[in-house]
Amino acid sequence: MSYILKLEIQTICTVHIIAIIISIIGSMMLYIKTDRDDSVKAFLVMQTSIILWMVFKIFKTIAPTVSLRWGFIVLYYACVCILEVAFLEFAYGHYKGKRIPIIIRYILYMFPMIQITMIAMNPLHHMFYKTFDFFGDTFGILFYVHFIIEYAFIIAGSYYCVLTFRKEFMNKKLIYRYMISSAIVFPMIMNLLYVSKVFHKFLRTFDDYIIFDVTPIVFTWSGLLFVYATFKHNFFNISPIMKHEIIHKLDTPIVVLDSAYDMVYKNEKFELMLEDITVDIFEGFLKVYRKGNYVREQEVTYNGRYFMMFLKTIASFKETEHILIIRDITNYRKVEHEINNEQNKLIKANDELREMIETLKELSKVGARSYVARELHDIVGHSLVVTIKLLEVSNLYYNCDKQLSLDALRDAISTIELGIGEMKTIKEPDNISYSGDTLKKDLNKMLEHVERAGIKTNLSFKGVYSKLDEQIYLMIKKICTELMTNALKHSKATELFISIQIRHTKIELLVIDNGIGHAKVVKGNGLTGIEERLRSLEGKVRFNTSEGEGFISKIIIPLKRELESLK
C-alpha cells in the first residue's frame, strides 16, 4: 500500500469520526432542549442519515474485500436517499407547521426505494457504476438519474427553507441571513464540484494530493448552523426552562428545583408570595417529594388561603430538574362555596316543587284530572328543562368564569320559583274547550319558557279552527313539547321555528332548529314515541338532519275522523 493511499485512508477516517462526534452532540442538544414537533423530528432523521452516511463511508474505506466495500456503498447511498426526503419533510413542516399529507408522503418515499433498488442491483446491470474496484470507479446513466432525483428533492426543500428564512430572519442582521442560507447552499456546491470532477482537475496540479467526497462533512457544518440558529434566534422552539427572562417576569409564581428538590431558581412573583406566607408551608410541600411520593398536583391550605401546586419534570444534560408552578385559588374556592350554597337552595326549591305536585295531584277532581295533569306537565316539564339548561351553562363556565356560573345558578332558582308560582295559579275550569286559538295560546306559553333558556323562537299559526278533536289537540302539544325539549337538551340551538297549518283535511306541523345537527338521524325514546303516537292517528313524520345544519321535523296529521264526526 502506497504512502498516499495510507494517508488518504487515515485522513478520511479521522475527519469523518470528528464530524460524527460533532453531529451527535448537536443532535442531542436539539433533542433535549427543543419542543419535538414534526419539523424537529424530520431534522433529527436528517442528522441520523448524515451520521450513518459517514459511518458507512468509513467502513467502505477500510473494507478488506471488494464485496464488503460494495455492501457499505449501498448502505451509505441508502442513507443519502432517506436524507433527501427527510430534508423536504423538514423544510415543508417548518414552513407550514404540519407534515406533508400522508398520500403524498407515500409517493415521495417510493423514489428512495427505487433509487436504493437500482443501486443494489448494479452488479447485474452496471448502469450505476460502469466500473468499480478498490482504486476507482466510473459513473453510469443511472447515477445521473439518481443525481437528478436527489437534487429535485433538495431544490424543493430549499424553496420552503427560503420562504421560512424570509419570514423568521427578515429583521435579523445580514450576516445571520447569509450564514443560515449557506447551511443549504454550501453542501450543494461542494457536492456538485465533486461529482463534476472539478476538484480532481484542480488537485492534479499538485504532486501529492488527497481527494474524497466532503459532502457529509459539509452537512455537519449545516447542522451546527441550525443548532446555532436555534439557541441564538429560536429557529426551533426551545424548551421553556431555558427562557429565564420570560419566566422571571411572569405573573405566576414559578420555582425551579434540582433532582434533590432543592430550590435553584425563583421568579419575582414567587418572592412576593413568600412575603405573605411562611417558608415552612413550602418546605412541607417539598418533603412529600423528597420522600419519593411524586404528586403532580396538590392543593395546600394556609391561613384561610388556598394554593394549587403543579410539578413538571424537565430532562437536561447535567441532571433532572423540576418546575414548580404555584397558583393562588382562594377566590375560586370562595365562589365555589357560594355556588354550593345556591345549589342547596335549588335542592330545597326542587323538594318544595315535588311536594306541590303531589298536593295538586291529590286535590285534582276526576272531571278536571286531564286538564290539571296537562297544565302540570307543561309548567313542571318546561321549568325543569330550562333549569337543567341553566345548570348546564353553570357547569360549562364553572372553571373559566365563576361569576357567570353563579349567575346561571341564580337564574335556575328563579325559574323553579316561577314554576311554583304558576302552579299555584292553576284553577279547575268549568268547561274545557279545544280549539286553534287555545292551541296557539298554549304553544306561545311553552315558547316563553324556551326563550328564558336563551333560544330565540318564532311561531307561525294559520287556519284557526273553532273546535279541534281532544286527541289531536293533545297530540300536537306533546309533539311540540318533545321537540322543544330536544332542542334545549341536545341540539345547542340558538333559534327555533314552529309552523302549524290547519287545513280542511290535515294539519301540517313543521319544527326547525339551527343546532349542531348529526350525520344521520338517531331515534331515541323521544322520536320513537312521536312516531308511535302518530301511528295511532294514521299520521306521518319525517326527520331530516346533517352536521352543522340543525334538525327538521315535518309532521302531517289527517283530519278525516273529525270531518266524519262533523257530518
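## Pocket and sheet exercises

The lining of the second largest pocket splits into 10 nonpolar, 10 polar and four charged residues. Keep in mind that you're working with a predicted model here.

**Exercise 1.** Work out how many residues line the second largest pocket, and which of them lie nearest its centre.

*Solution.* Start with the space itself: the volume of the second largest pocket comes to about 440 Å³. Next, list the lining, which has 24 residues. Then look to the middle, where Asn486, His490, His518, Val522 and Leu527 lie nearest the centre.

**Exercise 2.** Find which helix gives the most to the lining of the second largest pocket.

*Solution.* First collect the elements that each supply at least two lining residues: on the helix side these are H14 (369-396), H17 (470-491) and H18 (525-536). Strands E10 (506-513) and E12 (551-558) belong to that group too. Now pick the top contributor: H17, with eight residues.

**Exercise 3.** Trace the open sheet of five strands and say which strands sit at its edges.

*Solution.* Step one is the order: reading across, you get E4-E3-E7-E6-E5, with antiparallel pairing. Step two is the edges: E4 (263-266) and E5 (297-302) each pair on one side only. Step three is the twist: neighbouring strands in this sheet are turned by 25 degrees against each other on average, ignoring direction.

**Exercise 4.** Zoom in on E6 and E7: how many bridges join them, and in which sense do they pair?

*Solution.* Locate the strands first, E6 at residues 305-314 and E7 at residues 321-328. Eight bridges join them, in the antiparallel sense. For one residue pair to check on screen, take Ile314, whose bridge partner in E7 is Glu321.

Note on methods:
Residues are numbered from 1 along each chain as its sequence is written. This is a predicted model: local features need pLDDT of at least 70, side-chain atom pairs count only at pLDDT 80 or more; totals for chains, interfaces and linings use all residues. Side-chain values use heavy atoms; hydrogens and water are left out. Two strands pair if DSSP finds at least two bridges between them. Helices (H or I, at least four residues) and strands (E, at least two) are DSSP runs, numbered from the N terminus. Axes are lines fitted to C-alpha atoms, for helices over the stretch in contact, and angles run from 0 to 180 degrees between N-to-C directions. On a 1 Å grid over the protein atoms alone, a cavity is a set of points where a 1.4 Å probe fits but cannot get out, and a pocket is an open set with protein on both sides within 12 Å along at least five of seven lines; lining residues have an atom within 4 Å of a point. Grid points are joined across faces, edges and corners, and a volume is the space filled by probe spheres set on the points. Ala, Val, Leu, Ile, Met, Phe, Trp, Tyr, Cys and Pro count as nonpolar, Asp, Glu, Lys and Arg as charged, and the others, Gly among them, as polar.
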